[in-house]
Amino acid sequence: MSKLPSWKEMASGGIIPKGGTSHEKDVSGWRTYRPVHDMQKCIHCLRCWIMCPESAILTKDGKHAGIDFAHCKGCGICAQQCPKKVQAYTMKLESEFKKG
Ligand code: SF4
Ligand code: SF4
């Protein structure tokens with residue numbers, strides 16, 4: 001039986017060694033729902049970009065340019081914030097999409 005490390009030998013937990021580390025992690029596996037964006041309906045008001053807690057809405061030249069699915073956690077705030085007259089998002093079960 002191997003000897004367990006002492007507390008002095010164990011790696012420290014709960015420490016964020018530098019900024020921006022969340023961008024290095026793929027959290028797509030956390031999603032239950034996936035926002036599906038309809039570019040035809042979108043009026044590029046960017047309310048979803050402002051309100052997304054994960055900065056997962058991508059923009060280009062001041063317009064909606066897609067979703068960073070490596071960091072989207074599927075909270076649905078983007079869909080809630082999209083103007084009711086537009087409704088450019090549909091939240092779909094992640095299981096409807098094949099991996100890879
Ligand atoms: S579902 Fe949540 S995390 Fe994903 S893009 Fe919308 S607001 Fe951002
Ligand atoms: S809130 Fe809706 S209309 Fe506005 S940029 Fe986002 S998807 Fe487009």
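The structure holds zero aromatic pairs, a pair being two rings of Phe, Tyr or Trp (its six-membered ring) whose centres lie within 6.5 Å, with planes under 30 degrees apart counted as stacked, over 60 as edge-to-face and the rest as tilted. Aromatic rings nevertheless take part in another kind of arrangement, described below for Phe69 and Phe97.

This is a predicted model, in which local features need pLDDT of at least 70 and side-chain atom pairs count only at pLDDT 80 or more, while totals for chains, interfaces and linings use all residues. Residues are numbered from 1 along each chain as its sequence is written, chains are lettered from A and ligands numbered from 1 in the order in which they are written, and side-chain values use heavy atoms, with hydrogens and water left out.

The charged residues offer a suitable starting point. Side chains of opposite charge can pair when their charged atoms come close. Across the whole structure, four salt bridges are found; the term denotes a side-chain nitrogen of Lys or Arg within 4 Å of a carboxyl oxygen of Asp or Glu. One of them joins Glu94 to Arg31, with an N to O distance of 2.9 Å. Glu94 lies in the segment after strand E4 (89-93) and Arg31 in the segment before strand E1 (33-37), so this bridge ties together parts that are 63 residues apart in sequence. Helices (H or I, at least four residues) and strands (E, at least two) are DSSP runs, numbered from the N terminus.

Glu94 also forms a salt bridge with Arg34, and here the closest N and O atoms are 2.9 Å apart. This second pair again links distant parts of the chain, since Arg34 belongs to strand E1 and Glu94 to the segment after E4, 60 residues apart. Arg31, Arg34 and Glu94 are thus linked in a network of salt bridges. Are the members of this network buried or exposed? Glu94 is buried, because its relative accessible area is 7%, and Arg31 counts as buried because its relative accessibility is 7%. Arg34 is buried as well. In these descriptions, buried means under 20% relative accessible area, exposed over 50%, and partly exposed in between (1.4 Å probe, protein chains only).

Arg34 has further partners among the aromatic residues. Its charged end sits over the ring of Phe97, 4.1 Å from the ring centre, and Arg34 also lies over the face of Phe69, at 4.8 Å from the centre of that ring. A charge is said to sit over a ring if NZ of Lys or CZ of Arg is within 6 Å of the ring centre and within 35 degrees of the ring normal.

A further salt bridge is formed by Lys73 and Glu54, whose closest N and O atoms are 2.6 Å apart. The pair links distant parts of the chain: Lys73 is in the loop between strand E3 (63-67) and helix H2 (77-81), and Glu54 is in the loop between H1 and strand E2 (57-60), 19 residues apart. Lys73 counts as partly exposed, at 26% relative accessibility, and Glu54 is likewise described as partly exposed, at 29%. Apart from neighbours within four places in sequence, Glu54 is in contact with His71 and Lys73, contact meaning heavy atoms within 4.5 Å.

Glu54 and Cys72 are 18 residues apart in sequence, and their C-alpha atoms are 6.4 Å apart in space. Cys72 is found in the loop between E3 and H2 and is buried, with a relative accessible area of 7%. With neighbours within four places in sequence set aside, the contacts of Cys72 are Val27, Ser28, Arg31, Pro35, Ala56 and Ile67. Arg31, in turn, is the residue that meets Glu94 in a salt bridge.

The backbone also merits attention. Most residues other than glycine have a negative phi, and most peptide bonds are trans. His44, although not a glycine, has a positive phi of about 60°. His44 lies in the loop between E1 and H1 and counts as partly exposed at 24% relative accessibility. Asp61, another residue other than glycine, has a positive phi near 55°. Asp61 is found in the loop between E2 and E3 and is exposed, with a relative accessible area of 73%.
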